Amino acid sequence: MPVMNSPYNGRQPSEFRILTELEGVPNSRSLEVYKKHGGYAALEKVLKGGMSPDDVINLVKASGLRGRGGAGFPTGMKWGFVPKAPGEKYLITNFDEGEPGTYKDRYIAELNAHMLIEGKLIGAYAIGASKSYIYLRGEFYGEIAWCEQAIKEAYDAGYLGDNIMGTGFKHHMDVYIGAGSYICGEETGLISSLEGKKGQPKLKPPFPAVKGYLGQPTIVNNVETLAAVPWIIRNGAEAYKKFGTEKSAGTKLFNISGPVVRPGCYELPLGYPLKRFIFEDCGGLIGGKKLKAVIPGGASAPVLTAAEIETITMDYEAFAGAGTMLGSGAVIVIPEDVSMVHVLENLMHFFKDESCGQCTPCREGTGWLLKMSRDIVNGEGSPGDAEKIADVAGKMMGRTICTFSDAAAGPARSIPQKFAHEFLEFYKSKQNAAQAHG
Amino acid sequence: MASFFSSALNETIKGYLGRYETKRSSILPILHAIQDENDWISKEAVQALEAEHGLSVVDVNEVLSFYTMYRKTPPKPYRLEVCGSISCWLNGADKTIATAKAHIAEAEKAGKPVPFECHKVECLGVCGYAPVALVNKDRHLNVTPELALKLIADYSKKDLPAAAKKCAADLAARSSKQ
Amino acid sequence: MSNQVTLSINNQSITVPAGSTIMEAAQKLGVSVPHFCWHPGLSIAGVCRFCMVKVEGMPKLQIACNTPATEGMKVDTVSSDVKDAHKWALEFHLINHPLDCPICDQAGECELQNYYMKVGKYQSQMEDEKVLKPKALDVGDTLVLDTERCILCSRCVRFEDEVTKTSTLGIFNRGDQATIGTYQDRKIKHNYSYNLADICPVGAFTAKDFRFKCRVWFLKETKTVCPGCSTGCNVNLFQNSNQREYYRLKPRHNADVNGHWMCDTGRTMYEHLNASARLPAPLLNGETVSSQAALQAVTDTLKSVSADKVAVVLTAQFTNEDYKATLSTLKTLLKGTPKVFVWRDESEKAEDFDGILFRGDRNPNTRGMMDVFKEQGVSPVMLKGDFSALASAAAELTLIFGPEVEAGYPNLGKALSRFVEVKKAVYFGNTLNESAKKMWLRMPVKVFAEKSGTFVNFNGVAQKLKANPPVFTAVKGVDEYFADLSKMSQATL
């Protein structure tokens, strides 16, 4: 059970349990257990406690909750974009969780998918949606089953249907299963997939809040974002703001991967020190290896050197200020004995595989970036090649329909820039090896 | 005229066709259903979706060719899919994949083939317990080379999955027709 | 007032309807913004990422095709960062594009080539192996598809979805494996397939009948009107002027007539223009004679007959000028109105319409002809499969104006054999049909490409043809022949 190792800012580790309250509780996925821990009290407060949709939106705005999928956009503001005019509206949960390093949304479903369902119902009420979908990636067989079970339980208990809790609020929820495509984690790519098409992101404008699924106003929210909503409703905006920083309120589920002693999904307040997280809570690197680099927010985040993480805190502003991003909160540690040249190639392979192919700079560029990285790995590199990779990636950034190119450019620019010396040594060593054999 | 699909599959397909706001949305789950029963999706299946259920072959083929989970050729009964993305790679996934592939190839050469194929796939979403692998729909964590070999051995002892049996039977029927 | 916006592009002001995009504003202003996937007749795709422009106040460059023009907006299409964006957009398009130019029909009218010369002109940095894809695929009667050349602009997919609603094309696979195609071996089967070759910016879709025939820079184009049916699509007709040979037609935009498209039937309207498909000289009783001699024979006959013994059989495939000249000259020469018949093919379903452009009235000038009849006070008799009215007219001289476009007259041979039953049939037309052999006189005439007269389409829109120098220099137009007849008759008075 991954927990904070020691008290933080005068608070006990157990106080930082907004999403992970059910961790360690036997049979945590049952509806009864959920209700015992305050489950569906927030929904009752919203539907029966005289809260209007705008009240809900304002409360979530005040809490400072930001999208936990990666973009960090203020959730209340996003909900506020949905036009008030009558007509069909949709709330869709992004459960595509495909960003390498990220495995937090599935943990929420493992603990209890009702957190998500209750949060979704509240969000649906706020934007006026009578239908919602949970879009799950196809490989999440277990998670799909948990969500389907929870939805069934919610229907049986009267939390879904045509007359929820007898208040006349109508809402229907269904799951939709993907089939293997990272780009379906992009909100308009997800919508395209839900429409039965290739998961290709859509041009903006129009924006999904105005014209999304089937041309109707649509909000796509990450699992973790919605799962935090019930707690916020029950405890209020101020209580949520007691966690985190001024601009990054609340807690977040952080994932760690790479060779660390205690990997897992940790609920930490935003603004938590990254170094403390890696070395105290996660027990540092296996075998006591030295840290070389950290990818702090999923595969798309520009890499940080070990020196750069000395004092950095895990919040949106600090990471952005350091030229990287919080993203999904997936921390990937790279030990000293791993070659950054190979890390680059591995990441370029991911982006080449996952490009949807719709727009030219990304489709052609990701393939090219991989070819160039591979050439270097295969010993055909020479000084200037890594810089060329960074240069080409820079020409893809900001030029595409969605931010996938920017994501590819994250590692493609930061690794050659920060580890230029490794590339030079690599070229030399390959040259020497070739001469030795030749 | 007899349907290309079993009656159970047809019921499932019809269920999906009516479940979402548009018929087109049903394409992804329908392809999963066809694959769950037959282990793969043939071009005859795609054409049958057009002929019997009014879906566009172009729409279906776009989906079939875009998403990686759909199998367009008959597979081995078990697919060992090991994640090769960054976190799993850092934890030795390449070795796991190489070991598994080598073992499968050797077994084939020795005349004692295992009912397995091994693929590298992208991030499977449980990165802290890397390397992560799927054997068909079963997820396994911390799949070292040793565990991969053990998984191959254990699964090979089991009775083949229904879909694999159906796939083999269908292929046999096809080749006997020729 | 409030539904117009005024913006400036490169410091030039332009006012457009609210809701227009920067691309539309630039088009109106005449400022060229490079683009591949945008097309005014199709929905916006925004996938080529070529039409980048700088908008004051927006930090990132924007695509002109999907950015709404707003009041007071300031757009720049020429600054150095915009130029760099264009250069790199081209680079990404070219890195996997095959070097097929030496054998590609699109060369000379290829958007990749054109833009490379305009906004590219750089040394490519791509040194790796290119992605290979299937080439030279047969996708139907009219087109060849090369998926490697395809730049995945999706214009063809959108055309199939939005214009013909046949949705035969899709883009399969993802990433740089993305490939355009039909499903398996299915073909593109509709009457608008050549438009796909037109809108394809590169040589991915090319026309089978043009394949390897002629380099486009040898072709001259004339702006004229298609004679294939009563819609009268505006077309550009391409001729290799060195050889006086016609190779193809392409549609020309006309918002009131055909929009951006034309049908495949219209595409064949060059075949009957070339020398091998036409009668080169007049044949009198089967013997080649000069035009002078031929017309003299007609003049002599006209002198000896009365108006009620002259039959004029018209098809609606001639210009207003041709009809006017014929009828007024005959009235003058005969001092009376001849018997006028209109010959339509017996299978014709004139009211048919395919919902897009092609009409069942396979004649380009039915309306014009009817207008001239009204003007001249003529009441024609219809001949549609039943020629008894003509037979009972017992004319001594029958002037027949045969259809230039024989495709609209599938029963031509049958009709021709009826005409040879009448006395002294003069056939104005270029047909090489066997059944015309027994005509008393066959006069070749100018084809639509060689005339500058007027066609009036089904909707009353009058349009002018544009004349090219004739393939056969001695062959004239009907109006010119009747002017000659008039002179010759006066001369012998």
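Here are some worked exercises on a predicted model with chains A, B and C.

Residues are numbered from 1 along each chain as its sequence is written, and chains are lettered from A, with ligands numbered from 1, in the order in which they are written. Since the model is predicted, local features need pLDDT of at least 70 and side-chain atom pairs count only at pLDDT 80 or more, while totals for chains, interfaces and linings use all residues; side-chain values use heavy atoms, with hydrogens and water left out.

**Exercise 1. Work out the strand order of the open sheet in chain C, and find its edges.**

Step 1. Get the terms straight: helices (H or I, at least four residues) and strands (E, at least two) are DSSP runs, numbered from the N terminus. Two strands pair if DSSP finds at least two bridges between them.

Step 2. Read off the order. Eight strands of chain C line up as β15-β14-β21-β20-β19-β16-β17-β18, with mixed pairing.

Step 3. Look at the ends. β15 (287-288) and β18 (381-383) of chain C each have a single partner strand, so one side of each has no neighbour in the sheet.

Step 4. Zoom in on one pair. β16 (residues 310-314) and β17 (residues 339-343) of chain C run parallel and are joined by four bridges. Here Leu314(C) stands opposite Val342(C).

Step 5. Add the helix. α8 (residues 320-334) of chain C packs on the sheet and touches β16, β17 and β19 (397-401) of chain C. Contact means heavy atoms within 4.5 Å. The direction of α8 makes about 175° with that of β16(C); axes are lines fitted to C-alpha atoms, for helices over the stretch in contact, and angles run from 0 to 180 degrees between N-to-C directions.

**Exercise 2. Describe how domain 1 and domain 2 of chain A meet.**

Step 1. Mark the bounds, which come from an automatic or database domain assignment. Chain A has domain 1 (17-241), domain 2 (251-333) and domain 3 (340-437).

Step 2. Place the two domains: the C-alpha centres of domain 1 and domain 2 of chain A are 26 Å apart.

Step 3. Count the residues. Domain 1 of chain A puts 22 residues in contact with 20 residues of domain 2 of chain A.

Step 4. Take the buried area (the accessible area, 1.4 Å probe, that two parts lose on being put together, summed over both). For these two domains of chain A that's about 1600 Å², 51% of it on carbon and sulfur atoms.

Step 5. Look for salt bridges (a side-chain nitrogen of Lys or Arg within 4 Å of a carboxyl oxygen of Asp or Glu). There are two between domain 1 and domain 2 of chain A. Glu224(A) and Lys252(A) form a salt bridge through their side chains, at 3.0 Å from N to O.

**Exercise 3. Describe where chain B touches chain C, then where chain B touches chain A.**

Step 1. Start with chain C: 12 residues of chain B are in contact with 11 residues of chain C. About 1000 Å² is buried, and carbon and sulfur atoms give 54% of it.

Step 2. Check the charges. There is one salt bridge between chain B and chain C: Arg186(C) pairs with Glu50(B), with the closest N and O atoms 2.8 Å apart.

Step 3. Ask which helices of chain B take part. On the side that touches chain C, α3 (43-53) and α4 (57-66) of chain B each supply at least two residues. The largest share, six residues, comes from α4(B).

Step 4. Now turn to chain A. This contact takes 36 residues from chain B and 59 from chain A, and buries about 3700 Å², 59% of it from carbon and sulfur atoms.

Step 5. Chain B and chain A share four salt bridges. Arg139(B) and Glu143(A) meet in a salt bridge at 2.6 Å, N to O. On this side, α2 (27-38), α4 and α5 (86-90) of chain B each supply at least two residues.

**Exercise 4. Locate the cis peptide bonds around Pro205(A), and a positive phi at Arg49(C).**

Step 1. Recall the background: most residues other than glycine have a negative phi, and most peptide bonds are trans.

Step 2. Go to chain A. The bond from Lys204(A) to Pro205(A) is cis, with omega near 5°, and another cis bond joins Pro205(A) and Pro206(A), with omega about 0°. Pro205(A) lies in the loop between α8 (187-194) and β5 (218-222) of chain A.

Step 3. Finish in chain C. Arg49(C) has a positive phi, near 65°, and is found in the loop between α1 (22-29) and β3 (52-55) of chain C.
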